[in-house]
Amino acid sequence: MSGLPIEAKKLMQRRFQVVTGKGGVGRTLIAASLASTLAKLGKKTLLLEVNAPNHCARVLGTEAIMGDPQLVSENLYLCSMNPEDALREYALMILKFPALYRLVFENPLVKYFLRSVPSLGEVTMLGKAWFHATEVNDGGQAKYDHVIIDAPATGHALTFLSVARVVEKTVPRGPMRTEAGKMAALIEDQKNSCAHVVFTPEEMPVTEGLELSKKLQRDVGMKLGVYFMNKVRLADNADHELSLVEKMKGFEELRPYAAAGFARKSNLENQNTQLKRLFLQSENVVKVLELRSVETDAHRVSKLSSDWLELSAFGGEQ
Amino acid sequence: MINAAALQETVHRAKVIICVGPGGVGKTSCSAAIGIHAARQGRRVAVLTIDPARRLANALGLPSIGNEEKDIPRSAFEKVGLEPPKGRISAMMLDIKTAWDRVVQNYHPNPTERDRLLNNKFYRSLSTSLAGSQEYMAMEKLYELVHREQDPLDLVVLDTPPAASAVDFLDAPSKMLGALDNDATRWVLSSSSSSRRIGRLVGISTSLFSRTIGKFTGTEVLEELSVMLQGFSGMYEGFRERARAVSEILGDPRTIFLVVSAPKAGPLRDAEQFARNLRSRQLTIGAFLLNRATYDPFTNPHSELDSDELSEKLQALGGSSALASLLEREAKFRQSQAARENELVQKLSRSFSGLQTSLVPEFPGDIHDLIGLNLIENKLFSSSWNSNLS
């Protein structure tokens, strides 16, 4: 497919992009396709997964990667974050002494204590994302051109993305507050960061996604990115004839076809209603067509990222 | 495959039903449909969702639901032409801030300290926007519902957030107990501004602990944290008791976990992981509910027609050959999809032998109201699986 709106192309080339939406809509597919596209365009791109091990690796058809990001294909780096590893990395970065880390942090009592501190996992994972987004190589240049976050679904995404500001407002002066302030600034950066929301053409995912979008802007203070409408059925020339299914029902031998036709008809009607709802909200709606048959996620990622290569027609924003 | 009688029996003997599973598979709808079914059997049911996304209200035809329980009135059913249940069903959504405040208000022994705690900055963040907090509160709420004496409930149906954090929910009681019975917590509690030393944690000195942790947080953070934790003093024994009680509720044989998923490769992998996790904790799994299964249009006695034959018959009704090939493609696609799903479900049944699997077909349009919930309820609890597609 082609025809990405111009504004969408710009947003899809921002430095720091978050992908979220209702559970089950295909966030990982969109995040992975976006990252693959940017990598194919020659940009060093890091895809970070939040506490959902293996989903990204699976759709990219690679091994799971924890800890340090690793190159999985040309220009594309992958890493799956989880609270325990993120805390260890962060602690080691500050303490610099593995022995001290082991002594204090791996003490079973301290471990228990830390496990029960609310949001500590979120803060450290966000800290890791911030670290990579601002990481520079020996020459002082940014290590990654783009960092894409495959974020959790609705409620947890909101918690995850607002945790930095909450910590910054809550804790007294000190290293934690300073770090949290930097993370919040990255998230709220209106020029270089954005949050994309993924939908499917059904009532609940659209309602929830729109509510989420409002909160991302109003409560988190994030620039909204693109609305990706996933799992859209392709139109067929014969769709206008589907009203015939009513007549077909009277013929026993045609019933299976009437049933299939009826299902398609209601799906299409529902789809159109939901597409309209979304188009009314934003000009940046990108339709992601459902690719029929037994295609694997890896196939879909590679197809989408080829389709989206037209991004290059714009040399990024500004 | 679908065993309506067995599922009925499972729901019938349950006092608590906890729906777990990956996102986007219709957990909330299934929870509500099960609640309605139990109410139809004359039971007094409450459905509780701790999903931070607000979906339950929509589906139940309520304008909104919050921390307070709301009855689904008979008129909500009558309005859409459904028979209202014999029993009573109410719904609520966990509002974390209100729930925390209520726990503090109900259980804090000292009014002055209680008010100071309610105004503490740390407490306010904890109770509004920090992750993990909702799992603690869900646990408190479950305790409250199961043990309440006024208007006692026959059944509590709990809808949980998607996979990763539903495990958090299960861990909440032990985490709470762990945190309270922890020397490190006790140390933070007793240190505060007086910086009194209380000897050593196992293996490390408290000053090493405070210096190390303080490196990231700043020492003031630890002090403020300890002020908050001290604000909770007098409540610890209660927390501990309730956490223990919830562990007991979760492990009770009449607390049934239903693993809700969809008959697709990804969601099934998550569901399996979940079921293994529940089993390793020795919790009772009632069934797998696999939602949105594709209906095979060529289910007996219907069979495929030859392409030409189909085309001819449609032409007689005024349809083009393009329509014939579209319908043929659609029907065959659904057939192969259904076959693939069937294979996956068989595989699941083999790896969890003895566990019942219920399939709910996908409905055209989607489920977002009482009528839709009624369809799910019928598919889950009545033995025939007729096509709803025509």
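## Helices, cores and confidence in a predicted complex

The buried residues of helix H12 of chain A are Arg255(A), Pro256(A), Tyr257(A), Ala258(A), Ala259(A), Ala260(A), Gly261(A), Phe262(A), Ala263(A), Arg264(A), Gln274(A) and Leu278(A). The model is predicted, and the predictor gives the complex an ipTM of 0.79 and a pTM of 0.83.

H12(A) can be set beside helix H8 of the same chain in terms of length.

| Helix | Residues | Number of residues | Expected span | Distance between end C-alpha atoms |
|---|---|---|---|---|
| H8(A) | 154–170 | 17 residues | 24 Å | 23 Å |
| H12(A) | 255–281 | 27 residues | 39 Å | 39 Å |

For H8(A), the expected span rests on 1.5 Å a residue, and the distance between the helix ends agrees with it. The end-to-end distance of H12(A) also agrees with its expected span. H8(A) has a kink of about 45°, with its centre at Ser162(A). Because 15 of its 17 residues are buried, H8(A) is largely enclosed by the rest of the structure.

Lys215(A) lies in helix H10 of chain A, which covers residues 203–220. Is Lys215(A) buried, partly exposed or exposed? There are 17 other C-beta atoms within 10 Å of Lys215(A); a buried residue needs 20 or more and an exposed one has 12 or fewer, so Lys215(A) counts as partly exposed. Leaving out residues up to four places away in sequence, Lys215(A) touches Leu158(A) and Val220(A). Leu158(A) is 57 residues from Lys215(A) along the chain, yet their C-alpha atoms are separated by 7.7 Å.

The largest nonpolar core has 85 residues, and those touching the most other members are Ile17(B), Met139(B), Leu158(B), Leu258(B) and Val259(B). Helix H2 of chain B, residues 27–40, supplies the largest share of this core, with 7 residues. A second, separate core holds 83 residues, among them Val72(A), Tyr77(A), Ala91(A) and Leu311(A). Beyond its neighbours within four places in sequence, Ile17(B) is in contact with Val11(B), Ile34(B), Leu155(B), Val157(B), Leu158(B), Ile256(B) and Leu258(B).

Confidence varies along chain B. The chain averages a pLDDT of 82, and 81% of its residues score at least 70. Among the elements of this chain, strand E6 (residues 255–261) has the highest mean pLDDT, 95, and helix H10 (residues 183–191) the lowest, 60. Over residues 192–202 of chain B, pLDDT stays under 50, and the model has 23 contacts beyond four places in sequence for them. Residues 385–390 of chain B also stay under 50, with 18 such contacts. Where pLDDT is low, the predicted coordinates should not be read in detail.

Note on methods. Residues are numbered from 1 along each chain as its sequence is written. Chains are lettered from A and ligands numbered from 1 in the order in which they are written. This is a predicted model: local features need pLDDT of at least 70, side-chain atom pairs count only at pLDDT 80 or more; totals for chains, interfaces and linings use all residues. Helices (H or I, at least four residues) and strands (E, at least two) are DSSP runs, numbered from the N terminus. The expected span of a helix is 1.5 Å times one less than its number of residues. The bend at a residue is the angle between axes fitted to the seven residues ending there and the seven starting there. pLDDT is the predictor's confidence in each residue, from 0 to 100. Two residues are in contact if their C-beta atoms, placed from the backbone, lie within 7 Å. A nonpolar core is a set of buried Ala, Val, Leu, Ile, Met, Phe, Trp, Tyr and Cys residues joined through C-beta atoms within 7 Å.
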